[in-house]
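Reader: Could you take one part of this model and go through it slowly with me? I'd like to know what sits there and what it touches.

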Amino acid sequence: MRQDETTVVPCPGCGKSVPWNESSPYRPFCSKRCQLIDLGEWAAEEKVIAGSQLLSDQDEWSEDSGKDQF
Ligand SMILES: [Zn+2]
């Protein structure tokens with residue numbers, strides 16, 4: 001028998017193989033980040049890092065040109 005064979009599930013967030021045991025506290029997610037992504041709570045901080053280029057343009061616009069419009 002293979003008692004040491006670990007059940008592996010795909011992470012709903014990124015598809016990465018996640019061992020279904022105590023080594024994966026966020027199972028079925030591979031990490032806390034994927035868990036937050038699924039919950040939709042990642043947009044607050046993770047999206048700023050991932051899309052920093054897109055958001056940085058808007059930030060500069062609001063600081064520089066925003067004052068003129070107000
Ligand atoms: Zn994942």
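Author: Here's a walk along one loop and the places it meets.

First, some housekeeping. This is a predicted model, so local features are given only at pLDDT of at least 70 and side-chain atom pairs only at pLDDT 80 or more, while totals for chains, interfaces and linings take in all residues. Numbering starts from 1 along each chain as its sequence is written.

The protein has 3 helices and 2 strands, and from the N terminus the order is β-β-α-α-α. Helices (H or I, at least four residues) and strands (E, at least two) are DSSP runs, numbered from the N terminus. The part I'd zoom in on is the loop between strand E2 (17-19) and helix H1 (32-39), where you'll find Asn21, Tyr26 and Pro28.

Start with Asn21. It's exposed because it has just 11 C-beta neighbours inside 10 Å; the cut-offs are 12 or fewer other C-beta atoms within 10 Å for exposed, 20 or more for buried, and anything in between for partly exposed, with C-beta atoms placed from the backbone. Asn21 and Thr7 are 14 residues apart in sequence, yet their C-alpha atoms are 7.8 Å apart. Thr6 is in the picture too: its C-alpha is 7.3 Å from that of Asn21, across 15 residues of sequence. Thr6 belongs to the segment before strand E1 (8-10), and it counts as exposed because it has 12 C-beta neighbours inside 10 Å. Setting aside residues up to four places away in sequence, Thr6 touches Pro19, Trp20 and Asn21; contact here means C-beta atoms, placed from the backbone, within 7 Å.

Further along the loop comes Tyr26, which is partly exposed because it has 16 C-beta neighbours inside 10 Å. With residues up to four places away left out, Tyr26 touches Ser31, Lys32 and Gln35. Tyr26 and Cys11 are 15 residues apart in sequence, with 9.7 Å between their C-alpha atoms. Then there's a backbone feature worth pausing on: the peptide bond joining Arg27 and Pro28 is cis, with omega about 5°.

Now to the nonpolar core. The largest one has 5 residues: Cys11, Val18, Phe29, Cys30 and Cys34. A core like this is a set of buried Ala, Val, Leu, Ile, Met, Phe, Trp, Tyr and Cys residues joined through C-beta atoms within 7 Å. As background, nonpolar side chains in soluble globular proteins tend to be buried together. Buried residues make up 7% of the 70 residues here. Beyond its neighbours within four places in sequence, Cys34 contacts Cys11, Gly13, Cys14 and Phe29.

Phe29 and Gly13 come up again with Asp38, a residue of helix H1. Not counting neighbours within four places, Asp38 contacts Pro12, Gly13 and Phe29. Asp38 and Pro12 are 26 residues apart along the chain, and their C-alpha atoms are separated by 7.7 Å. Asp38 is partly exposed because 15 other C-beta atoms lie within 10 Å.

And the protein as a whole? Among contacts between residues at least 6 apart in sequence, 7% join residues at least 24 apart.

Definitions and conventions
Contact = placed C-beta atoms within 7 Å.
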